[in-house]
Each structure stands twice: as structure tokens, then as C-alpha cells.
Amino acid sequence: MGADHNRPAPPTPPGVRRVLVATVVPLFVITVIAAVVLWPRDGGPEVDGGSPVPRYHGTVTRVVTEECPPQPETPEGGGPGVADGPCGTVTVRVEQGPDAGRQVETPVPTGPGAPTVAVDDRIVLVKLTDPADPTASAYNIAEHQRGAPLIWLAVVFALAIVAFGRWRGVAALAGLAATFAILLTFVLPGIGAGGSPLPIAVVGSALIMFVVLYLTHGVTAQTSVAVLGTLGSLVLTGLLGTLATAATHLTGYGSEDATTLSMFRGDVDLHGLLLAGIIIGSLGVLDDVTVTQAATVTELAHANPGLSRLQLYRAATRVGRAHIASTVNTIVLAYAGASLPLLLLLTADSRPVTEILTSEFLAQEIVRSAVATLGLIAAVPLTTGLAAVVTAAGRTAAAGPTAGQGAAPRTRPAGGGDVPAARTHGGGRRTADRDLALEALGGGRAAEGFPDDHAPTHPPAGRPHREGGTETAW
């Protein structure tokens, strides 16, 4: 159960394994049953979006720019002006549709967000038909083709993960595929069909967690601890999100996308959708923290088998504090990066800062960051405590027989601490002398926090650790 994935994990004692199975398996069964109950039975209400505009691929063969013609006088009495450029024509070779192989002329794209085209650019054409004369049609450039660059980027992404992670990288890619499959087949269709977003998000996140964690990190006691810690933190995040959105009276109409969605899908609960976004967004950071904490406890126990359950918890929690300190900034920056246009718009607002901070737009982002951070903080003590209990129980269950049960007899040196008698003879005398010297320098094993009956066979090299600091010599 080691955190170093290149080193085989020691076997988990049967008793500990049975307890974990009895805890995790029922939770998995409940999650699957809930997913079956909440699974969308239909596609939801039909949305009349009109007939789609035909889109065809093409390649630019020629670009001719020219001076824009003057504009007529404005109704407000302004003089004639010049149209916003650029102006001209673009010749495109159509590659699809009824005009495949033909050269067609289109106007140079203009306006906000219009693509800038050059010769040999691969673009997407839309074919517009005149409502007054269905036989008359014209082509316009909509955007660039992005399929090939995205495919190459995905290939480089996958190769980098596999090259660095090897088989574990392959498992990570499989977990990523499973995540998208659950989101696209369960979460999004379920919410789109009018289901309650909060339970769908919780169940979908739990499914993703079970599949991804066990697939990526293996079916081990360490992974089971991370699963339990993640699941508990997800439930807590959902409860905190419900309380926070109710206390701040958020409606879910905090973005233009949400407002547009309400026009096309009035049956979608935008308040629940906000909570669902908080839970799903928190999952990626939560499983990182829980896996790290479970692995930290395992590594500490492997490096110093004499640490007690409380010492394991305290040492791993110190690592968790450092992890949380950096992850909190990661969460805030992730939300800020996704909302930069909104933040720039708010900076141009002439209202007082207090009004801006309490507006629906910005309050929504504050609640997202705060709730996700609180759930993340709760994941550290929860997962660390579970990992310390499981690791200590496994170590006790795996301990060898005592001296009265056939173990090698022990001799107690003058400085205290048991040393196997066999180590005081022949070639083992040098090791026993080293033990005595270390005990004399460190004030005995009791000063290191190790009970005599559970002292490690080989004391840690270096200065002994006294108060549970991070300078323990392994």
C-alpha cells in the first residue's frame, strides 16, 4: 500500500481489508442504484432552434482587400463616415456540399470576433439563402477549421502523459475518458431532461470518483481511504453550497450563459445548476488532496514504522497544510481565469466596490471559491484520520509473534529498549552497539516517542525526532 507507485505495496491484513470492503462496497452499490434511478429516460423537452444553417469546409485561395466605401449620413445628423474594415473579397475553394470543387467569392469577414483569413487557410463556410428568392444563395466565412490542430494537441497531450506516467499514464487517460463518458451520458442529459441538478451532480461525481480513483491508483486500501475521504468531502461541499447560496439569495442567473439557457430551456433549475457546478468543479481538486494525504500517511508509516497513530496524523496533517495553502490559490485563480471577461467588465463599472462585490455576478464566484475551499480544507483531516487509523490497524494486525509466541528472545540493554538476542552475537554485535549508541545519544527510544514493544528493528539514522516536527530522520 505504498505511495511510491514504483514500489509494490505491502499486503493489507485481511481484517482491515474486510472492514474497508464492508464500507466501500455498500457505498458503491448505493451510488449505482441512485444513478439508475436518476438516469434520464428521455431527451427532455424538444427545443425549436430552427433549421440549422448548412456548413461546409473550404480552403482560401485568394484574398483581395480594398478601401471601404463611405457610409451614408446618420439619422442623428452626423456626416458621412467610412465603414469599419477590412473590406474586399475572399475566394474560397469549396470542399463539401453541392458546390464541391468550385471557386466561390465571399466578403472579407468583419465585425467583433470575425476571423482573419489568409491564403491556404482552411475555413468553414455557411450557405445563406435569400428568403424572398430561395434559388438565390451566397456563402460567408464563419470560422477557421480547428479539427486538425485539436487532434494534434490531443495526441501530444496523450503521448506526454503516457511517456511520463507509463502504465499509470494509460490508466489516467482511461479515467479521463470515463469522466467525459459519465458527464455526457448521465450528468448533462439528466439535468437537461429537467432532473434536479444537485442529486445528479452528487451521484455523477461519486461515479466519476469510484471509477477514476480505482482505475488510476489501483484497488488498494490506500485508494479506498482516498475514496471515503473524497466522498465525505463531496457531501459536505454540497451541504455548504446549499447553505451559502440560500444565505446569499443567489438565483443562478449570474452569467449571460445562464440567462440564455433559461430562454431555451426554461425547465432547468439554474439555482441547482449553480450547486452542481460547485460540486463537479470541486471534485478534481478534492481527489488530488485525498490521494496525496492517504499516500503521505502510508509513506510516513513505511519510512518510520514506530510512529503511532497520532504521530502519523500530526505529521501528515502538516503536509496537508502546505498542500492546502497552495491549492486554495489554485482554486481562486482557476475561477478568476474562467471569469476574466466578467471581471474586466466589473472593473469598468462606476458603482461603489461594495455594490460590485455583492452583485449577483461576483457574489456567485465568491461563493464558488469559498465553498470549494471549505470542502477542500475538510478533506485533509478527514482523509488523514482515516488513513492513520487504517495504517495503524494494518501494522498492528501484521505484527509478528511476541517472544512468548516463538519469536527470537530479546535482551534489554542498560539504556532501555529491546534488542534481539541474536544481534548480540558474532556479526550482529556491531548493529547492537550502534543501537546502544543511538539510544544513549537520543535518551532512549521512549524519548523518540516509540514504545519499547513497538520499536523499529533499525532506528532512524540522524538526529532523533522529539516533538513531532517535520525534521524526522527516516
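Contact here means heavy atoms within 4.5 Å. On that basis, in this predicted model, 65% of the contacts between residues at least 6 apart in the sequence of the protein chain join residues at least 24 apart. The chain runs to 474 residues, and 37% of them are buried. As for secondary structure, it comes to 12 helices and nine strands.

Start with the pairing of α4 and α5. Helix α4 covers residues 197-217 and helix α5 covers residues 221-247; their axes come within 10 Å and cross at roughly 160°. Angles over 145 degrees count as roughly antiparallel, so α4 is roughly antiparallel to α5. The crossing of α4 past α5 is right-handed. On the α4 side, the contact is made by Leu198, Ser205, Ala206, Met209, Phe210, Leu213, Tyr214 and His217, while α5 brings Thr223, Ser224, Ala226, Val227, Thr230, Leu231, Leu234 and Thr242. Sorted by class, that gives 10 nonpolar and six polar residues, with no charged ones in the contact of α4 with α5.

Helix α5 also meets α1 (residues 14-38), and here the axes come within 11 Å and cross at roughly 50°. That angle makes α1 oblique to α5, and α1 passes α5 in a left-handed crossing. From α1, the residues making the contact are Leu20, Thr23, Val24 and Leu27; from α5, they are Ala221, Ser224, Leu228 and Leu231. The class tally for α1 with α5 is six nonpolar, two polar and, once again, no charged residues. Two α5 residues turn up in both lists: Ser224 and Leu231 each take part in the contact with α4 and in the contact with α1.

Then there is the question of how the nonpolar residues group together. The largest nonpolar core has 53 residues, and Met209 and Leu312 are the ones with the most contacts inside it. At least two residues of this core come from each of α1, α3 (167-192), α4, α5, α7 (270-303), α8 (309-338) and α11 (360-397). Met209, already met as part of the α4 contact with α5, has its own set of partners: leaving aside neighbours within four places in sequence, Met209 is in contact with Tyr214, Val227, Thr230, Leu231 and Leu283. A second core, separate from the largest one, holds 12 residues, among them Val104, Val108, Val117 and Ile123.

Technical notes:
Residues numbered from 1 in each chain as written. Predicted model: local features only at pLDDT ≥ 70, side-chain atom pairs only at ≥ 80, totals over all residues. Heavy atoms only, no water. Axes fitted to C-alpha atoms, helices over the stretch in contact; angles between N-to-C directions. Helix = DSSP H or I, 4+ residues; strand = E, 2+ residues; numbered from the N terminus. Parallel < 35°, antiparallel > 145°, perpendicular 65-115°, else oblique. Left-handed = near helix turned anticlockwise from the far one by under 90°. Nonpolar A, V, L, I, M, F, W, Y, C, P; charged D, E, K, R; others polar. Core = buried A, V, L, I, M, F, W, Y, C linked by side-chain atoms within 4.5 Å. Buried < 20%, exposed > 50% of the residue type's maximum accessible area, 1.4 Å probe, protein only.
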